[in-house]
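Please open the model in a viewer and keep the selection panel at hand. The tour below proceeds from a pair of helices to two sheets.

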Amino acid sequence: MSIASMNTPRLANTLAAASRSLLKQRVPLKGTSPPPAEGFLPGVANSKLIKHTHHEALRNPELAGVANGETKKMNTFQAINDAMSIALATDDTACVFGEDVAFGGVFRCTMGLSEMFGRDRVFNTPLSEQAIAGFGIGMAAMGSTAIAEIQFADYIFPAFDQLVNEAAKYRYRSGGEFDVGGLCIRTPSGAVGHGGHYHSQSPEAYFAHTPGLKVVIPRSPIQAKGLLLASIRDRNPTIFMEPKILYRAAVEMVPVGDYELPLGKAEILTPGKDLTVVGWGAQLYVLENAIQIAQKKMPGLSVELIDLRSILPWDVETVCNSVNKTGRLLIAHEAPKTQGFAAEIASTVMERCFLRLEAPPQRLCSFDTPFPLVFEKFHVPDMIRCAEGIERAMKY
């Protein structure tokens with residue numbers, strides 16, 4: 001008898017019986033529990049880069065404006081939410097929009113904002129990244145503050161023309177008469193351990209090649225809040241890439257007040273004299289662990305760890321001053337090696353610090369392949385590969 005000739009109840013019973021039979025024969029899967037929030041990135045909770053107490057958080061001289069204020073325990077997505085809440089409260093022209101943002105977004109970064117500020121200021125858009133970017137450009141061109149979300153950085157490419165050919169060039173092609181400085185594009189980026197090739201990419205280098213844009217990547221909740229507020233208020237279109245592996249993994253005592261952190265300025269996290277190590281976003285925690293591994297093999301090793309924070313513009317002076325002191329450089333990032341932003345840093349250092357270098361700059365990056373789902377943890381530069389890179393630089 002054909003399926004078409006079977007009546008609906010009989011078909012339903014047949015399919016149900018078949019399903020029960022298959023379930024009985026199924027081999028139980030191992031490790032079916034969901035992956036941890038931090039994916040395969042170890043050590044974030046206990047990292048010395050994380051500010052666990054009120055006093056640690058406010059010791060940063062960049063936070064002098066809120067040094068006497070309160071702090072609150074937040075993870076990264078809560079800090080980002082707090083930044084957008086402040087932006088909406090302090091700027092009546094500000095709007096937040098993107099796919100599912102009125103419901104809180106897939107990573108909950110916009111939770112409660114539509115209820116607090118209204119659906120006319122926090123609203124969903126169609127599933128069209130090109131339209132989201134184009135709408136944001138139009139809003140910003142008319143003087144409003146547009147905070148747009150691209151749900152995953154992997155899907156920002158349909159908006160590439162709008163961002164690179166329109167937003168980045170708007171002020172230049174009008175001779176400074178018009179601009180879209182009120183545009184900020186937020187997007188989750190980077191590996192998370194189970195994202196595969198469409199939910200793991202780090203496309204910062206694509207945009208770093210474009211004059212007129214700013215590109216920012218935070219490493220922690222405190223940094224995320226301050227850098228996002230600065231990105232929203234900066235008078236240039238800014239792409240703010242949020243390492244999604246840190247949304248829940250990184251938790252800090254975050255100042256509850258309104259503060260900004262400087263764009264285009266790197267931060268020296270640990271001073272050192274033997275080797276300069278540069279990273280950004282989630283890779284900094286990998287580098288922190290790699291440095292500890294290397295120091296066990298080479299007692300007395302002194303490493304200067306730098307968080308670049310801004311990819312465009314990047315802080316050439318801080319990096320080159322460090323390399324002139326140490327004579328050695330290692331850069332690590334999750335994006336593929338070929339044409340990755342580490343190449344720009346290495347090239348600039350070679351031009352400016354050549355006579356002070358004791359070893360060729362080391363680049364520890366992902367391999368030049370699409371992100372592989374089952375081999376993702378081997379694809380990105382982990383602490384072992386980075387530690388080996390440190391050892392090569394020191395033994396050259």
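Contact, as the term is used at each stop, means heavy atoms within 4.5 Å. The model is a predicted one.

**Stop 1: a helix pair**

Select residues 283-297, which form helix α11, together with residues 383-395, which form helix α15. The axes of these two helices lie 8 Å apart, and the packing angle is about 55 degrees. α11 and α15 are therefore oblique to each other. The crossing of α15 by α11 is right-handed.

Now display the side chains at the contact. On the α11 side, select Gln 283, Val 286, Leu 287, Asn 289, Ala 290, Ile 291, Ile 293, Ala 294 and Lys 297. They meet Met 383, Ile 384, Cys 386, Ala 387, Ile 390 and Glu 391 of α15. Colouring this contact of α11 with α15 by residue class gives 11 nonpolar, two polar and two charged residues.

**Stop 2: the sheet under α11**

Keep α11 visible and add the open sheet of five strands, whose order is β9-β11-β10-β13-β14 and whose pairing is mixed. Which strands stand at the edges? They are β9 (267-270) and β14 (362-366); each has a single partner strand, so one side of each is left without a neighbour in the sheet. From one strand to the next, the twist averages 25 degrees.

Within this sheet, select β10 (residues 275-279) and β13 (residues 329-336), which run parallel and are joined by three bridges. One residue pair to label is Val 277 with its bridge partner in β13, Leu 330. Return to α11, which packs on the sheet and touches β9, β10, β11 (303-307) and β13. Viewed against β11, the direction of α11 makes an angle of about 175 degrees.

**Stop 3: the seven-stranded sheet**

Next, select the open sheet of seven strands, ordered β3-β2-β4-β5-β7-β6-β12 and also mixed in its pairing. Its edge strands are β3 (122-124) and β12 (310-312), each of which pairs on one side only. The twist here averages 20 degrees from one strand to the next.

Focus on β2 (residues 95-98) and β4 (residues 146-149), a parallel pair with four bridges. Label Phe 97 and then Ala 148, its bridge partner in β4.

Finally, add helix α9 (residues 221-233), which packs on this sheet. The strands touched by α9 are β4, β5 (183-189), β6 (214-216) and β7 (238-243). With the direction of β7, that of α9 makes about 160 degrees.

Key:
Residues are numbered from 1 along each chain as its sequence is written. This is a predicted model: local features need pLDDT of at least 70, side-chain atom pairs count only at pLDDT 80 or more; totals for chains, interfaces and linings use all residues. Side-chain values use heavy atoms; hydrogens and water are left out. Axes are lines fitted to C-alpha atoms, for helices over the stretch in contact, and angles run from 0 to 180 degrees between N-to-C directions. Angles under 35 degrees count as roughly parallel, over 145 as roughly antiparallel, 65 to 115 as roughly perpendicular and the rest as oblique. A crossing is left-handed if the near helix is turned anticlockwise from the far one by less than a right angle, and right-handed if clockwise. Ala, Val, Leu, Ile, Met, Phe, Trp, Tyr, Cys and Pro count as nonpolar, Asp, Glu, Lys and Arg as charged, and the others, Gly among them, as polar. Two strands pair if DSSP finds at least two bridges between them.
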